[in-house]
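Thanks for sharing this one with me. Have the model open while you read, and take the points one at a time.

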Amino acid sequence: MTTSNHKTPQYPEPYWREEELPAFDKLREDAQTEVAIVGGGITGITAGYLLAKEGYKVAILEAGNILNGTTGHTTAKLTAQHGLIYDELISHFGEEKTKLYYQASRDAIEFVRNIVSEKQIDCDFSNEEAIIYAVSEEYARKVEKERQAYEKLGIPSGMKESIPFNINTTAVLSMLDQAQFHPLKYLKKLLKDFVDLGGIVYENTTAADIEEGSLPDVVTREGHRLKCKYVISASHFPFADMKGFYFARLSPERSYVLGVKTKEDFPGGMYYSADSPTRSLRYTPYNGDKLILVSGDSHKTGHGPDTMKHYEALEVFAEEVLGITDYPYRWSAQDLYTLDKVPYIGPITSKQKNIFVATGYRKWGMTNGTAAAMLIKDQIMERDNPYAELFTPSRFQADPSIKKLIAANTDVAGQLIKGKLEFVPKETADLSHDEGGVVMINGKRTGAYRDPDGSLHLVDTTCTHMGCECEWNHGDRTWDCPCHGSRFSYDGTVVEGPAAKPLKKVEE
C-alpha cells in the first residue's frame with residue numbers, strides 16, 4: 001500500500017491528450033486517392049507529411065480520433081536505447097544488421113531534431129542521456145554485455161557509478177545524445193503541414209478490409225470504398241491481419257504510466273531499469289514545473305491480476321524514490337512484440353508490393369514509427385533504403401522466431417479452451433457501482449459493468465476476432481482479449497485491434 005495521501009485519478013487519461021487537436025469529418029462516400037494510410041499516429045502522420053511533400057495525394061483514415069492510439073499513450077522517449085537489446089540482436093542477426101537497427105533509430109532522432117529546429121516547433125524537445133541501470137548482480141552482468149555490444153557497434157556511451165535517485169544500482173550504462181519531446185505538440189504541426197499540402201484526414205472511419213488489385217480498395221466498416229494505388233497499414237495492429245498472419249506473429253503487452261509531481265527535484269535524463277519488473281523515469285515540462293512520468297509493470301494483455309495493482313506498484317515505487325505531492329494523470333499503453341523483437345516494416349507480404357505494413361515497435365514507437373514512415377516513403381518512391389531488408393515483414397529468422405511462434409500459439413490455444421471452460425460464480429447483483437466482471441446470464445458467460453450511475457452494460461465476452469474470451473480490465477474499464485490483444489470499451493466498442501467488430505450486446 002502507498003503511504004501518501006494524494007488521490008489516484010479515477011479514470012485513465014494521458015497528459016499528452018490535454019493538447020487541443022483539430023477535428024475531421026468521417027468518410028461518408030466512396031473516394032479516391034493515391035496513398036491511403038490507415039492509422040493517425042506517428043507513423044501515419046509522418047508518412048503522410050513526407051509523401052504529400054513529394055507531391056502525392058494522400059488520405060489518412062483513423063478509426064477514432066487522431067493521435068488517440070498508442071502515440072497518444074506513449075512515454076515519448078526519442079532514443080535508440082531500447083532496453084537490453086543490442087547484445088541479443090548481435091547473437092541473432094550479427095553485428096552488421098544490428099548496427100543498421102541502431103542507425104535507423106539514430107536517423108529517426110535526427111529527423112525529428114531537424115524538423116523541430118527547421119519548423120521552430122514548441123514541443124518541449126530536449127537532448128537527454130538515456131540510462132539503463134541494474135539493481136541485481138544478474139542484471140549487472142547483462143548490462144556489462146550490453147556495454148560490450150555498444151563498443152562493438154560504435155555507439156557513443158559511458159558507464160556511470162550511480163543514478164541520482166534513492167535506488168541502489170549494480171551497473172549503469174548511458175547512451176549519449178538521445179532526446180525527449182511532447183509527441184502531440186510535434187505531430188500537431190506535421191498534421192497542419194500535411195493538410196496545408198492537400199492531405200485529407202477522415203476521423204471515426206474504421207478500415208475493415210483491403211480488396212487487392214493494381215488499384216486496391218480500402219473498405220470501411222460502413223461499406224465505403226477508398227480506391228488508391230498504395231495502402232499503408234499504420235494502425236498499430238495491421239487491420240487486414242489475415243494477410244501475412246500477423247495475429248500469429250505479434251504478441252501484445254500492456255504497460256502503465258503515472259504522471260506525478262514530486263517532492264524530490266528531477267535532475268533530467270531518461271532512465272530505464274534492466275531488471276524485471278521494469279521501471280522507467282523521465283520528466284516533461286508542466287505548468288512551469290515538472291511532471292514526472294513513471295512507467296513499467298508490463299504484462300501480456302488480458303493476463304494477470306487486477307490491472308489497478310500495476311498502477312499501485314508504480315505508485316509505491318514513485319513514492320519511495322521521489323515522493324509524490326500530486327498525482328494528476330495515469331494511463332496505460334499497448335505494445336506489440338514481433339517474434340525477433342525487430343519491427344515489421346515494408347510490403348505486407350512478398351507478393352503484395354503496393355500494400356505496406358508498419359507494426360511491432362515494442363515500447364519504442366517514437367523512433368521506430370518515424371523510421372517506418374521514412375522507409376515506406378522510400379519504398380513507394382522506389383528509392384533504395386539501407387533498412388529495407390532488416391525490417392522486411394517477409395523475413396523469418398529460425399532463431400528465435402520458430403520457437404516463439406510455437407510457444408505463442410500454444411498459449412493462444414490454451415486461452416481459447418480456458419475461457420470456454422471457466423466456471424463463473426458471479427451474478428449482476430454482485431456488482432457494485434463502477435465495477436465490472438464476468439457473470440452468468442441464462443447460463444452464458446457475459447461481460448457486465450455497472451457504471452457510477454448504477455446503469456448496467458452487458459456484452460458477450462467472445463472476442464469478435466477469433467473467438468477467445470475477453471477478461472475485464474478494471475484499471476482501464478475495458479474488455480481485453482488474452483489471445484491477440486483486442487480491446488473493447490465496457491459497452492463493447494472496439495478500442496484496439498485486431499478485432500474490427502464490436503462485442504455483441506446482451507439483454508438481461
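Here are my notes on strands, cores and cavities.

1. A word on ground rules. This is a predicted model, where local features need pLDDT of at least 70, side-chain atom pairs count only at pLDDT 80 or more, and totals for chains, interfaces and linings use all residues. Residues are numbered from 1 along each chain as its sequence is written, and side-chain values use heavy atoms, with hydrogens and water left out.

2. Start with the open sheet of four strands, whose order is 1-11-10-9 with mixed pairing. Strands here are DSSP runs (E, at least two residues), helices are runs of H or I with at least four residues, and both are numbered from the N terminus; two strands pair if DSSP finds at least two bridges between them. Strand 1 (31-32) and strand 9 (207-211) each have a single partner strand, so they stand at the edges with one side lacking a neighbour in the sheet. Strand 9 runs antiparallel to strand 10 (residues 217-220), joined by four bridges, and Asp-209 sits opposite Val-219.

3. Next, look at strand 13 (residues 250-262). Because 10 of its 13 residues are buried, strand 13 is largely enclosed by the rest of the structure (buried means under 20% relative accessible area, exposed over 50%, partly exposed in between, with a 1.4 Å probe and protein chains only). Strand 13 pairs antiparallel with strand 17 (residues 324-338) over 12 bridges, and with strand 16 (residues 289-300) over seven. Find Ser-251 opposite Tyr-337 in strand 17, and Tyr-256 with its bridge partner Gly-296 in strand 16.

4. Which residues have the most contacts inside the largest nonpolar core? They are Val-35, Tyr-86, Tyr-186, Ile-232, Ile-380 and Phe-391, in a core of 85 residues. Such a core is a set of buried Ala, Val, Leu, Ile, Met, Phe, Trp, Tyr and Cys residues joined through side-chain atoms within 4.5 Å. Helix 3 (residues 95-119) gives the largest share of this core, nine residues. Apart from this core lies another, of 24 residues, including Val-260 and Val-294.

5. Finally, the cavities. A cavity is a set of points on a 1 Å grid over the protein atoms alone where a 1.4 Å probe fits but cannot get out, and lining residues have an atom within 4 Å of a point. The count comes to two cavities of 30 Å³ or more. The largest has a volume of about 40 Å³, and strand 14 (270-273) gives the most to its lining, with three residues. Lys-77 and Trp-364 are among the residues lining the largest cavity, and the lining of the second largest includes Lys-77 and Trp-364 too.

Key: 1 Å grid on protein atoms, 1.4 Å probe; cavity = no way out; pocket = protein on both sides within 12 Å on 5 of 7 lines; lining within 4 Å. Points joined across faces, edges and corners; volume = space filled by probe spheres on them.
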